[in-house]
Amino acid sequence: MTRTIDGPVAVLGLGRMGTGLATRLLDQGIQVRVWNRTSERTEPLAKAGAVAAAHPADAVEGTTAAICTVADGEALGTVLRGPNGVLARGAYPGTLICASTVAPEEVASIAGEVPSVLDVGMLGNREHARDGELRLFVGGEKRAFTAARPLLEMLGKEVVHLGALGSGMRMKLLLNLLMGIEVQALAEATELASATGLDRQLVLRTIAGSGFASPVMAFKSRRLAADRFDEPDFRLRLMAKDLMLATKQAAEAGLRLPLAAAAAETHVRATEQGLGDEDCAAVTRALTPNPGTDT
């Protein structure tokens with residue numbers, strides 16, 4: 001299928017995923033305008049051909065689509081409605097693609113301010129983003145989805161329209177709920193192994209090679225084996241945020257999700273212990289007693 005994208009695309013927020021998306025678009029010959037809260041992250045992309053903007057409002061100037069990949073709802077609100085934000089000069093005429101994981105209600109609230117909005121739950125890592133191998137789950141009006149589909153198909157190997165605005169975020173929260181529980185289960189099994197005298201490395205290899213391990217558990221087992229959580233694939237504080245969002249969604253739906261609640265509590269505690277900017281597999285460090293304590 002011939003895929004055409006009319007006009008430049010803005011990427012707002014240059015964490016690992018945002019940088020991967022911008023790099024992918026540049027590699028495909030798309031004009032890209034970028035913005036990040038800390039400007040030094042724009043420099044490598046500017047050298048690769050992107051236009052670096054000082055403010056979100058400048059970044060979206062003249063673009064037909066803007067992809068927002070900031071960390072949370074507060075950052076999204078600032079990017080959109082803050083001084084020099086996307087909406088500072090009036091309604092954005094292009095398609096705003098919210099790829100930040102936020103509460104579905106926050107995305108729905110944008111619809112009154114931007115004529116064309118999509119929310120996209122991204123499944124994959126920075127390498128998938130860079131190589132166009134993401135799986136994208138999209139919420140929003142069919143008209144907006146159809147118009148943005150060529151762009152989305154450039155970024156993902158699978159693009160699924162789920163339905164109304166907010167659907168993409170709901171799917172993303174479900175997926176991150178599963179990942180948070182799986183990684184914590186792996187960490188708990190590993191800590192129990194160490195505490196009862198089993199060889200940690202052997203246990204991790206056994207789990208990773210077993211039918212019990214999901215691909216993400218097999219992947220994270222390497223971090224646990226190395227006991228190295230810097231240069232994170234997914235920051236622990238973001239996992240804590242997503243687990244809390246998922247438990248809030250469950251409560252609003254009248255559901256009690258014991259595993260989700262327990263995982264959220266552990267991840268919040270790990271963040272409070274200063275592990276928030278480590279990889280989410282560092283949750284294992286919140287399971288061991290603190291020196292000099294009994295808990």
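These legends walk through several views of a predicted model.

**View 1. The whole chain, with its twelve helices and eight strands.**
Let us start with the overall picture. The radius of gyration of the chain is 20 Å, close to the 19 Å that the globule rule gives for 295 residues, so the chain is as compact as a globular protein of that length. Along the principal axes, the C-alpha atoms fill a box of roughly 60 × 45 × 40 Å. Of the 295 residues, 49% count as buried. The accessible surface comes to about 14,000 Å², and carbon and sulfur atoms hold 55% of that surface. Among contacts in the chain with a separation of 6 or more, 62% are between residues 24 or more positions apart.

**View 2. An open sheet of eight strands.**
Follow the strands across the sheet and you meet them in the order E3-E2-E1-E4-E5-E6-E7-E8, with mixed pairing. At the edges are strand E3 (51-52) and strand E8 (156-163), each of which pairs on one side only. As a reminder, strands of a sheet pair through backbone hydrogen bonds, either parallel or antiparallel. Both kinds can be found here: E1 and E4 are parallel, with four bridges, while strand E6 (residues 116-123) and strand E7 (residues 134-140) are antiparallel, with six bridges. To find one rung of the E6 and E7 pairing, look for Val120, whose bridge partner in E7 is Val138.

**View 3. Strand E4 and its two neighbours in the sheet.**
E4 runs parallel to E1, joined by four bridges, and parallel to E5, again through four bridges. Two residue pairs make handy landmarks: Val11 has Ile67 of E4 as its bridge partner, and Ala66 has Leu96 of E5. In a regular strand the side chains alternate between the two faces of the sheet. On E4, both faces are covered: Ala65 and Ile67 are buried on one side, and Ala66 and Cys68 are buried on the other.

**View 4. A close look at Cys68, in strand E4.**
Is Cys68 buried or exposed? Its relative accessibility is 1%, under the 20% cut-off, so Cys68 counts as buried. Beyond residues up to four places away in sequence, Cys68 touches Leu12, Leu76, Val79, Ile97, Cys98, Ala99 and Ser100. For a sense of distance, pick out Leu287: from C-alpha to C-alpha, Cys68 and Leu287 are 34 Å apart in space, and they are 219 residues apart in sequence.

**View 5. Helix H7 and the largest nonpolar core.**
Helix H7 (residues 142-155) lies across strand E1 (9-12), strand E4 (65-68), strand E5 (95-98), E6, E7 and E8. The helix runs at about 160° to E8. The largest nonpolar core has 33 residues, and those with the most contacts inside this core are Leu25, Ile67, Leu151 and Leu152. Which elements give two or more residues to the core? They are E1, helix H1 (16-27), strand E2 (32-35), E4, E6, E7 and H7. H7 gives the most, with seven residues. Zoom in on Leu151 and you will find it touching Ile5, Val9, Leu25, Ala65, Ile67 and Ile97, leaving out residues up to four places away in sequence. There is also a second, separate core of 30 residues, which includes Leu177, Met179, Phe234 and Ala286.

**View 6. Helix H12 (residues 258-275), with Thr266.**
The buried residues of H12 are Ala260, Ala263, Ala264, Thr266, His267, Ala270 and Leu275. Their cover includes helix H8 (167-195) and helix H11 (236-252). Thr266 has a relative accessibility of 5%, so this residue counts as buried. Setting aside neighbours within four places in sequence, Thr266 is in contact with Gln184, Val283, Ala286 and Leu287.

**View 7. Gln184, a residue of helix H8.**
Now turn to one of the contacts of Thr266. At 6% relative accessibility, Gln184 counts as buried. What does Gln184 touch, not counting residues up to four places away in sequence? The list is Ala262, Ala263, Thr266, His267 and Val283. Two of these names, Ala263 and His267, also belong to the buried residues of H12, and Val283 is a contact of Thr266 as well.

Methods
Residues numbered from 1 in each chain as written. Predicted model: local features only at pLDDT ≥ 70, side-chain atom pairs only at ≥ 80, totals over all residues. Heavy atoms only, no water. Pairing = 2+ DSSP bridges. Contact = heavy atoms within 4.5 Å. Axes fitted to C-alpha atoms, helices over the stretch in contact; angles between N-to-C directions. Rg over C-alpha atoms; globule rule 2.2 N^0.38 Å. Buried < 20%, exposed > 50% of the residue type's maximum accessible area, 1.4 Å probe, protein only. Areas by Shrake-Rupley, 256 points an atom, 1.4 Å probe, with all protein chains shown as cover. Core = buried A, V, L, I, M, F, W, Y, C linked by side-chain atoms within 4.5 Å.
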